[in-house]
Amino acid sequence: MTTIAYDHKARQIAIDSRSTSGGIIKSDSRKKWITQGKDIWFFAGAHCDIHEFLCAFDGIKPERDLDCIAMAVIDGVAYWCGVDNGDKTTWRQALEDSDAVGSGQQFALSALDFGKSAKDAVKYAATRDIYTGGKVHVYDIKSGKFI
């Protein structure tokens, strides 16, 4: 899957680059974000669902259940974003605290609780979660770029 960690104090998002399928590592250099204008979306879950996920946020309801979630930076604010598989509506919630999502969520969140950076939280998750790995990319919300 993926691990995404958000450090609220530093206003940084970190994401790994491992791609898996059927318990097999396919790549450790997958780009798991999409830039749309000034907004940037970070995805965890099924890579094949990303296009329909983004279409849902453009008002096109998906015809099937989607297996992904996103963290997005929209107008300089970090949000959790998702599609309700029941009624196919979209939702977003501003992040007010440090948080994590994905297969290594519990490890990353524990690391954040102990004062680790978003990058170190994802690196720690990679030591315990087989679906997290590869290069860790860090996006700095204040500067609006990867560091």
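**Entry 1, pocket lining.** I looked up which strands contribute to the lining of the largest pocket in this predicted model, and found that strand S3 (19-21) and strand S6 (39-45) each supply at least two of the lining residues. The space in this largest pocket comes to about 220 Å³. I then listed the 15 residues that line the largest pocket and noted that those closest to its centre are Met1, Thr2, Ser19, Gly45 and His47. Sorting the lining by residue class, I obtained six nonpolar, six polar and three charged residues.

**Entry 2, the sheet.** Since S6 had come up in the lining, I next followed this strand into its sheet, which is open, has five strands in the order S5-S6-S7-S8-S9, and is paired antiparallel. I asked myself which strands stand at the edges. They are strand S5 (33-36) and strand S9 (90-94), and because each has a single partner strand, one side of each is left without a neighbour in the sheet. From one strand to the next, I recorded an average twist of 25°.

**Entry 3, S6 and S7.** Looking at one pair in detail, I found that S6 and strand S7 (residues 68-74) run antiparallel and are joined by six bridges. For phenylalanine 42, I noted that the bridge partner in S7 is methionine 71.

**Entry 4, the helix on the sheet.** Finally I checked what helix H1 (residues 50-57) touches as it packs on the sheet, and the contacts are with S5, S6, S7, strand S8 (77-83) and S9. The direction of H1 makes about 105° with that of S8.

Notes:
Residues numbered from 1 in each chain as written. Predicted model: local features only at pLDDT ≥ 70, side-chain atom pairs only at ≥ 80, totals over all residues. Heavy atoms only, no water. 1 Å grid on protein atoms, 1.4 Å probe; cavity = no way out; pocket = protein on both sides within 12 Å on 5 of 7 lines; lining within 4 Å. Points joined across faces, edges and corners; volume = space filled by probe spheres on them. Nonpolar A, V, L, I, M, F, W, Y, C, P; charged D, E, K, R; others polar. Pairing = 2+ DSSP bridges. Axes fitted to C-alpha atoms, helices over the stretch in contact; angles between N-to-C directions. Contact = heavy atoms within 4.5 Å.
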